[in-house]
Each structure stands twice: as C-alpha cells, then as structure tokens.
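Student: I would love a close look at the aromatic side chains in this protein, and at how one pair of rings is placed. Could you walk me through that part, and then show me a few other side-chain links?

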Amino acid sequence: MAMRALATAILAALFGTMGAAAQTAPLTVQYDDGIPSLLSAYGYEFGAEITPPAEAVDYLYTLAEAAPDRMRVVEYARSWEGRPLVYAVIARPETMERLDAIQSGLQQLADPAGLNAADRDRLIADLPAVVWLSYGVHGDEISSTDAGLRTAYHLLAARGDAVVDTILDNTIVIIDPTQNPDGRNRFVQSFRAARGLSPSEDRFTAEHDQPWPGGRFNHYLFDLNRDWFARTQPETRGRVDAILDWRPVVVVDAHEMGGDSSYFFAPSAEPFNPNIVDSQRDAQALIGRNHGEWFDRLGYDYYTREVFDAFYPGYGDMWPTLQGAIAMTYEQASARGLEWRRRDGSLLTYADGVDRHFIASLSTAQVVAENRARFLRDFVAFRDSASTSADAPQAVLLDIASNRWGAERMARNLAAQDIAVSRLAPGASACGASFEAGAFLVRFDQASGRLARTLMEATTDLPADFMREQERRRSEGLGHELYDVTAWSLPLMGNVHAVECRRTPAVDAQPVNAEMPIERIAGGGSSQWGYVIPWNDAGQAYLVAALAQEGVPMRTTNASFRIGDITYPRGSVVVPRHSAPDDLDNLITRLAAEIGARFDGMPSSWVDDGPNPGSDNFYPVREPRVAMAWGDGVDPTSAGATRYVLERRFGIPVAVIRTGTIGRANLDNYDVLILPEQRWGQLGSELGNAGRTAIQGFARGGGVVVGLGDATRWLADSEVAMMPAQRERAADSPREASASGEVIDGRILANREELRASETASGAMPDSSPGALARVEANPDVWMSAGYDRGAAALVTGSDIYAPVEMDDADTALRFAGPDDLVAGGYLWDDYAEQLAYKPFVLSRSYGSGQVVAFTQSPTTRAYLDGLDLLLLNAVILGPSRSRAFR
C-alpha cells in the first residue's frame, strides 16, 4: 500500500487533480469508514481517474482484506501478457461460510434430470441466486471497470441501505472488474502519454485518438466479446470455466459506445436466437423496467430494443443465455478519457459513465434479489427442457474420418463448455451412416442442449418477419439491421462432416473429457527408408512444421502416390532417414504424441503408383520463416487472429513488421509475407511506393506473398499488379465500357460451361454480406488446394466478389460452389449468392521466382474457421517449397 500511495502522490503532483472531479454520488448513503474507498487507497474518487488494471485488481484485494468474512477474490486466469484476471465474491458472512455447499447445490440445479421435484424445491428454497457482473471486455470501454469497483465498495461499505440488505440477503454477487487487462493497460498508457495540464474535451485530441491497434483488443488483438464458444483466448477459457463453476442466473456484460449516445440496457433488439425461451425475454423486460425507474429518478437518458441483438452465440451475453442465464449487454456513452464534448454541446465525463454503470449494476442485483426464487426456477426449467420438439434433429454425429484432428479438437472444445460428447468406436453405424474411424455423438436432450443445438446445426433460423423487413430495407436502399454473422456452425467451420439424427441413437459410446490428449497414430510396417506424413488435416501439417523446426529435411508433392494398399493424398510429406538427425525415430514419435498426429513407416522409396520421392515432382520442405504486415493500414483483428493461429495453434513464429517499415526492411530474411485484411482500405497508402516495391521484389526473388480478404484488393491494384483479379460490381448495375480495370461489371454464371468460357476467354458494389458460410470446391490440379478434395466452407462477409481469372494468368485453387449448393449455413442475400456462385475463393500464381496467394475471404476470421487452417498452412509451409529461388 505504501508504494501505491507514493505512486498516487507522484501522479497527482504531475497532473494535478485533472479536472473531471467525480460527480456527487447519485445515492445518499452512509459508508463504513472501515472499508477503504478508492480515495483512501489511491487518492481519487470513483470516476475522477481511469484506474489501471493492476490497481483495479489490487483494490479488490484491499477490500477483501478489510472484509474477509464478506468478500473473497479468486484469480481465474492470466492474460497473454501475464496479468491476473480475478473475480470478487461478495455475500453475507453466513453465506460465505457455506460457499462450497452452495456451489454444489447450484451444480445440481444446473443438471436437474437427476433431481425429483422435492429436491428441486428444497434447493430453490435454500440457495441464493448468483449475479455475475462483468466489466471491460473491450479494453478502451473504460468506465465499467471503475463502476465494478464502486459496486463492490458499495455492497461492502453501505450502511442502512435497504437495497443492499435485500441483495445480500438473497444473492451472491460476483464482480469481474477487468475482463481484458492487456487492452485496458494499452489504453491507459496511451491516454496518460497524451494527457496534459488539464483533460481535453475535444474528441480529436490525442488523448481520445488511440494509436494502432487501440485498447479494444487483447494481446493477440482478439475481440473477446466474440470468442465465447471458440474459446481461443486464455481470458475466455478462464471465464467460461468460472461461469460454469458458479451457474449465475443473471450475467451482465458492461460496455461503452459512442460518446454522443446515452445508455442502452435490455430488452435486447431483434432478432432473438430461437433457442432463447420466453421466460428469459420476460426477465430482461423485468430488469429493464427497474433500470428505467432508477434512471428516471436520477435524470439519466437511456434506450432499449433498438440495437444490440441476441442472436450470435459468441457474445458475452449470448453464451451465458444459452446456458440458462438472463444475460444482457449494457452500453454507456464513452468519454474515451475524462471529458468529451458531445455534438449537441453537452459535456460527458468519465464520472458520468461510472455513475450510470454503477446504478445499472445495483439495479440488476436488486431485481434478482427481489425475485430470487423466480430466477432459480426459470434457470432450472430452461436446463430441464432443452430437448425441443420432435420434428427437429435430436443429435449430431461427427465423422472422425472426415477431419480427424479437427474433430478431436472440436469434441474437446464442446466438452469444455459443459456439452456432453461421447465417442463411438471405429466401424460403428448410426443414423443411417457408418463411421469407419468412429464418430463423436452430441445429443441435444441434455441440460446444455440448446447451446449444443445452436453450435452444431448448419443454420440457426432467423425470424421470418425480421428477414422480410431486412429485404424490404434493401429494396428501398436502406441498410440491413443484422449486427453480426448469421452462421457459426462448428462442423461447417471445422470442415468436419456432420450427420444429423432425427432421433437420439441408442449406441454404445464413451464420454469425452475436455483434457484428454489427442492420440497419435503410427502406421505399421518398416521405416527403414523413412516416414510419410499424410497431408489430410491440420494436425499433420503441425507435425511437419514441428519437424522442420528441428531441422529435419522433408519433401512434398502435389501428386498422390500409393504404397501397397494406402494412397497418400497430394501434399503428403516424406521424411528420408538418410539425411535426417540420428534421433529421427524418437523425435517423430515424441512430436506426433504431443500433437496427436499420424505418420507411417516407409520401408523404401519405392512407390506402387505415382511419383517416387526422388522425382522432380517432389519439392523440399523447410522451416518457414514468416513475416506479417502490422500496424496502421492493417485490420487489427485479422492480423491478431492470423498471428495467433500460426503461433499458438501450430507453433510457427511470426515476425511482425510495421507497414511503414516494410519498404526498408530486409525481407530476404523471410520465406513468407502475410498481408492481413485492410483497415479502412489504407494498406496501400501506409505501404507507399517503397513498401510496394519491396513486396514485389520479395516475391520475384522467391518469396511467398499471401493476401487475406480485402488485401486481395491491394494485390490486384493496377499499380501493384501481383494478382490479375478484378472485383465485380453488382450484376444488376452495369456501367458502359467497364470490361477492364480493377472493378468490372458483374456476371451471374449459370453453370460450369459459362465458368470455363470465362476462364478461357480473354456501378454499385454488391450488398454487403453480414456473414454466412458458403461451400467452396477444390481444383485438384493446383498445389494450394491440397487436403481439400472434398471441399470446405468459408465465411463470406462484405461485398467483394471477384471475376473468374483466365487460367493462363493465375490458378483458381478453390472456388465457390454453384448456386444450388452454395449456402452451407446462415443467410446470404439471393442476388449476392447468385453472383458469388463459381467465383474464386483462393487464387495462386507464380510471380518471378516466388508465389502470390490471394484469399478473397479471410480464412482466419476470429480464429474459429478451424477447417481452413490447413489451407493457410498450404500457403505457409507448401508455398516456399514451390519457390524457384537459389538456396
């Protein structure tokens, strides 16, 4: 405490009180002097300063030290940068004494199938309801964290407050004050670096203008509010585990929005996910009405229902909702600092935001406390009734053979979310299908069945009346009201074949544990000559990357080959013993066991069909040295997700080079340069002429340049000319004399004959897609499509559709399917789908001695398109093997 007090004194001496003093508290309450206020701990009132994440956590521990009988702090995770993520448990002393028994009772309610009516009633009568209040998932949405600290202080220190007494009599309140400490720290540091003698209310000044990438994202630049079912980040994984430990009946996710707005709270906007039940919608309205009374009394403006829907299951409000909670997003207008002058001339302060989030937090706990039994009963009813109508599928079987490593990882991810998954033995048959390698069974008649259903089905239906309204808006030139993607099916995104079961199959199956390692598969036979690694899933590519990092020489081919009865697909990698390290056997066995990969022995280099390893059809594989454009002009989430996938999922280091530095960087140190999606179309201006020239020279010299999503626009720019691709206008808005250039008139291709004619022959853009899953098909003659002979699904967002490219100019490695098969999941405008059919998804071409690869839609969005990981690895691992550079 002494060091913190000294730091506070130094800060005050440097910056003074900085204006923006905390407002008079909206509540007239007597506080216990024995509970330290933020003023006594850090020298400023709630809302007078932006509390950094370390101090926020320390303050919770300070409160717990002052009231150990009423508050406990639990660390539930560490961020990538090593910062603790904690929550505080606040309750009456007598409640705190029996927390273990309470948690046990809540777990019984969460799995009510084994309880009789009397046991349920007994538990509901006895247990407090858990209210989970979470703050700051976006690091630059700042006021909620201090509101969380204020809520904790108020619950501990308020004396003679009837609302607090009711809350503590009936609930346990859990406060997660800073869900994204790395992002918040980034914001606080940039704010402090820019602040001067007094806070600036001018929105255009540096303290409001965050440098790239901003504080919204975590270390790997993920939007943590989209990560709940994907669970890619440690912050999310820890939070999911904590929610499952406590089974809250209400979850609040407190955010900020633009400073010219007011305050948003539930009810949510349409559309609602169909797996949400009426009691949840009614409870949102009950809580919202109570907020309205508080806000009216205090003169706070607010609105409801107009935006922030309840459809996409990856939100911090939606994932808990599909587990049975009443979960809601609250949005406060942000000062993005200490003061913000609104367009109407009024002044918004940081303290305003803290006040409003504090009141909404208190009001939420009040409603739950006053309706404790109702919330517990509704929670139990939700989880007890997950098996819905008999006319809907009752289970899904995941075919392990379709993508073994991907299916294994998916099963464990589901199990970690309290979704029961079981394994069928190889050769099993069920639901009209047989499974040579076995399958995973996901039943929907389980307590977490509604979450399982929305994650596993190809499409979660949007309300018909809502979509009719969106089509009407489009017809009248108005924007649609879809807030996020409309498709997220895990089997489709994971490229795992799923078989729907109309009835729950009666089969023998073993439960899957989330912590189970994936077993390696070592084929039989002699390995006298070496080994072969089939190129049929991303786990195999991971093994190749790991061996390459150990300096093991390998070779790959774009032709399939047969040894005995086994045909190895194109892309497969051979590992000759004669040039390998002496410990090759132990090395490949150990790495395959760590990864869960497969390898087979090769008794000799003789093959029974296809090219021999000594053929020119085999190319050397080495450890890829990967660089990526980073900084201004690059979309942070695209850059972060791509870096995460390569580094954390496959162990491939990525050197990030700022866009403005690429022009003078020594790119000869790398084999692959990745260009993530653009930010506001600024990649070209940030790279400049020097960057463009450097990238062109890198590819000519043998490097592989990979463009993701709308970075394809830059590759296709006439001044860059690294990919002969042309974006199409909407097919119904042609312009005269537009047959050439970077943007051309759109065409609808009715069949493959018209596609072939477009490839051999020498206005307004399409309406933006909010996000749907579209099927893609492979060209088996192009190296970039290795591992995708059965196709896959890609997430389609935005308005970019590219015309077919002549075969002499570039290879179309994968293209979108025809109109009858195109939409795999979600909602895609009919005219957009018609125009997208047969158009390129992945293009590749030789460029000098190197290669250029363009993904017209990004394969790394949110790092949840696991089924496209192998496609990215094709570019990163196989791409350099196609280089014709001298080594």
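Tutor: Happy to; here is a walk through the aromatic rings, followed by some other side-chain links. Please keep in mind that this is a predicted model.

Let's start with the overall count: the structure holds 37 aromatic pairs. One of them is made by Phe265 and Tyr302, whose ring centres are 4.7 Å apart. Their planes meet at 25 degrees, and planes under 30 degrees apart count as stacked, so Phe265 and Tyr302 are a stacked pair. Where do the two residues sit? Phe265 belongs to the loop between strand S8 (263–264) and strand S9 (269–272), while Tyr302 is in the loop between helix H11 (278–298) and strand S10 (309–310). The pair therefore ties together parts that are 37 residues apart in sequence.

The surroundings of these two residues are worth a look as well. Phe265 is buried, with a relative accessible area of 1%, whereas Tyr302 is partly exposed, at 32%. Tyr302 also pairs with Phe295: the centres of these rings are 6.0 Å apart, and because their planes are at 90 degrees, the pair is edge-to-face. Phe295 itself is buried, with 0% relative accessibility.

Other rings gather in a group. One aromatic cluster is formed by Phe229, Phe264, Tyr303, Phe308, Phe311, Tyr312, Tyr315, Tyr483, Trp488 and Tyr864.

Rings also take part in arrangements with charged side chains. Over the ring of Phe272 sits the charged end of Arg281, 3.7 Å from the ring centre. Likewise, Arg409 lies over the face of Trp405, and here the distance to the ring centre is 5.2 Å.

Now for a covalent link. A disulfide is a covalent bond between the sulfur atoms of two cysteines. A search of the whole structure finds one, and this disulfide joins Cys431 to Cys501 with an S to S distance of 2.0 Å. The link is right-handed, with 105 degrees about the S-S bond. Cys431 lies in the loop between strand S16 (428–430) and strand S17 (433–435), and Cys501 lies in strand S19 (residues 498–501), so the disulfide ties together parts that are 70 residues apart in sequence. Cys431 is partly exposed, at 29% relative accessible area, but Cys501 is buried, at 0%.

Last comes a polar side chain. Asn779 is found in the loop between strand S35 (769–778) and strand S36 (792–798). A polar atom of the Asn779 side chain lies 3.4 Å from the backbone oxygen of Thr812.

Conventions: Residues numbered from 1 in each chain as written. Predicted model: local features only at pLDDT ≥ 70, side-chain atom pairs only at ≥ 80, totals over all residues. Heavy atoms only, no water. Phe/Tyr/Trp six-rings, centres within 6.5 Å; stacked < 30°, edge-to-face > 60°. Helix = DSSP H or I, 4+ residues; strand = E, 2+ residues; numbered from the N terminus. Buried < 20%, exposed > 50% of the residue type's maximum accessible area, 1.4 Å probe, protein only. Lys NZ or Arg CZ within 6 Å of the ring centre and 35° of its normal. Polar contact = N/O pair within 3.5 Å; in protein donor to acceptor, adjacent residues only side chain to side chain. Disulfide = S-S within 2.5 Å.
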